[in-house]
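Welcome! Open the structure in your viewer, and let's walk through its pockets together, one selection at a time.

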Amino acid sequence: KAGKVYVPRYRQAHYAVFLTSYPADKQAALDTAYEDVSAAFQYFLEHYNQGRPFIIASHSQGTIHAARLLQDFVINKPLQSKLVAAYIPGMAVPQDSLMGLPYCAHDTSTGCFISWSTYEKEFVPPYYPLALERAICVNPISWERNETYVPKTQHKGAALRPFELALPQICDAQVHGGILWVTKPKFKGSWLWRDKNYHMGDINLFYFDIRENAALRVKQYMLQN
C-alpha cells in the first residue's frame with residue numbers, strides 16, 4: 001500500500017552469534033551479513049530508487065543491520081531528507097544509538113524511526129538489559145510512545161495463517177518502559193503458544209496496523225514535500 005518493495009538477500013548470521021561467549025566471532029558474522037545488506041542498499045540507490053522517498057523496514061537481526069545502515073547512509077547525510085520512516089522492531093534500540101534521527105512521536109510523523117519488542121503483559125524479560133530504561137518503544141496500534149493502554153477495539157489486524165486473512169481486534173497493546181506489553185491474543189491454535197516472548201509476532205501481530213500506517217506516513221510526507 002505504501003510503495004514498491006525491495007528486499008535484500010543476505011548471508012544472515014546464525015542465531016548462535018547471540019549466544020556465543022566470543023564477541024569477536026559474533027561481530028565478524030554480523031559484519032559479513034551487514035556487508036550484503038549494505039551492498040544491496042547501494043545497488044537499490046544506484047539502479048532503482050531514482051531519487052524517490054523510501055521506508056526502511058526490518059525485524060530482529062535485520063534491525064541491527066537497519067540501524068547500522070541508517071547510521072552509515074542516512075543520518076546527517078543528504079539522503080535523510082528522503083526517509084519517510086524506519087520501522088525497526090524486534091531489537092532494543094537505545095535512545096542514543098541513532099543520534100540525529102528522532103523517534104516517531106505520532107502516527108503521521110516522518111523522517112523518524114519506530115521500534116518495539118513484544119511480550120506478554122506483566123512479563124519483564126531478565127535477558128533484555130537496560131530495555132526499560134533506554135530502549136525506544138512506540139505502540140504499533142496508537143503509534144505513540146506514551147504508556148496509555150490501547151484496547152483491542154483499535155487493533156487493525158494480525159496476519160497469521162492463512163496469511164491473506166486479517167484477524168482484527170485480537171491484540172491490545174501498552175508501552176511499558178522500553179518494551180511492548182500485550183494480553184495473550186486468541187486465535188486458532190493460540191493455546192499451543194506458551195512463551196511470554198512474542199518476538200516471532202512483532203510484525204505479524206500488527207501487520208495491518210503497520211501496512212495502514214506506512215501508507216499514511218507516505219501520504220503525509222508527500223503533502224509536506
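Which elements each supply at least two residues of the lining of the second largest pocket? Select α1, α2 and α3 (131-134), and you have them. Keep in mind as you look around that this is a predicted model.

**Stop one: the second largest pocket**

Stay with α2 for a moment, since this helix is the top contributor here: α2 gives the most to the lining, with 7 residues. Next, pick out Phe 18, Ile 64, Gly 90, Met 91 and Ala 92, which lie nearest the centre of this pocket among the 34 residues that line it. The space you are looking into is about 1100 Å³. Try colouring the lining by class: you should find 19 nonpolar, 12 polar and 3 charged residues.

**Stop two: the largest pocket**

Now move on to the largest pocket, with a volume of about 1500 Å³. To land at its centre, select Val 5, Tyr 6, Ile 55, Ile 56 and Ala 57, the closest to that point of the 42 lining residues. Then widen the view to the elements that give two or more residues to this lining: α1 (23-49), β1 (54-57), α2 (61-74), β2 (83-87) and α4 (207-224). Highlight α1 in particular, because its 7 residues make up the largest share of the lining.

Finally, colour this lining by class too. What does the lining of the largest pocket hold by class? The colours should show 29 nonpolar, 9 polar and 4 charged residues.

Conventions
Residues numbered from 1 in each chain as written. Predicted model: local features only at pLDDT ≥ 70, side-chain atom pairs only at ≥ 80, totals over all residues. Heavy atoms only, no water. 1 Å grid on protein atoms, 1.4 Å probe; cavity = no way out; pocket = protein on both sides within 12 Å on 5 of 7 lines; lining within 4 Å. Points joined across faces, edges and corners; volume = space filled by probe spheres on them. Helix = DSSP H or I, 4+ residues; strand = E, 2+ residues; numbered from the N terminus. Nonpolar A, V, L, I, M, F, W, Y, C, P; charged D, E, K, R; others polar.
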